[in-house]
Amino acid sequence: MSAKLIFDHAPIGAIIAYSDGTPRPPERHRRQLADWKNRNGAGRLICKSAAVERGAHTIPASFTLHEGDYGSNGTIVMRVHKTFDVNSPRDFTVREQPEPGSVLVMSRPGDLGELVHLAANRSAAEDWLTRHGYPEAELQEVTVPAPDAGRAA
């Protein structure tokens, strides 16, 4: 599936895998394997950004995947996000969609918001918000996808 189809049809909160189509090297080839893992992976779709025109230049539409958090003792030191524009040559796959009834905690309302947490239900989302403090956060309940949306994504 193309990056454009992911941008158009995949819901925020979905797990998206990406690949450059090359086979995975053996474990003993550490540098090649590290390079391959940088070009092939998966993450949760946290935001989509529309195309922007800046003078004579156009920045294409894009989406961002959250690949993971690193730290220790409950303290996150580094977050890994990867952004792909709709012209990316990689192949993408929707591995998992957010469950209907779950709640997306968005950092702020509108197009500039990004997913900061996916909760099982509204009360879990509100509990998470009291502990993590996003004053402009917006809660969005995941609804059942339309029948054609599942086939496209």
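**Close-up views of a predicted model**

**View 1. Val77 and its patch.** Val77 sits in strand 6 (residues 75-85; strands are DSSP runs of E, at least two residues, and helices are runs of H or I, at least four, numbered from the N terminus). This is a predicted model, where local features need pLDDT of at least 70, side-chain atom pairs count only at pLDDT 80 or more, and totals for chains, interfaces and linings use all residues. Residues are numbered from 1 along each chain as its sequence is written, and side-chain values use heavy atoms, leaving out hydrogens and water. Val77 counts as exposed because its relative accessibility is 69% (exposed means over 50%, buried under 20%, partly exposed in between; 1.4 Å probe, protein chains only).

**View 2. Around Ile6.** The largest nonpolar core (buried Ala, Val, Leu, Ile, Met, Phe, Trp, Tyr and Cys residues joined through side-chain atoms within 4.5 Å) has 22 residues, and Ile6 is one of those touching the most other members. Leaving aside residues up to four places away in sequence, Ile6 touches Met1, Ile16, Lys48, Phe63, Phe92 and Val94 (contact means heavy atoms within 4.5 Å).

**View 3. The two sides of helix 3.** Which residues of helix 3 (residues 122-132) are buried? They are Ala125, Trp128 and Leu129. Down the helix axis, these buried residues fall within an arc of 100° (taken from the directions from the axis to the C-beta atoms), so they line one face. Strand 8, strand 9 (115-119) and strand 10 (138-141) are among what covers them. On the face turned away from the buried side, Thr130 and Arg131 are exposed. Just after helix 3 comes Gly133, with a positive phi near 60°.
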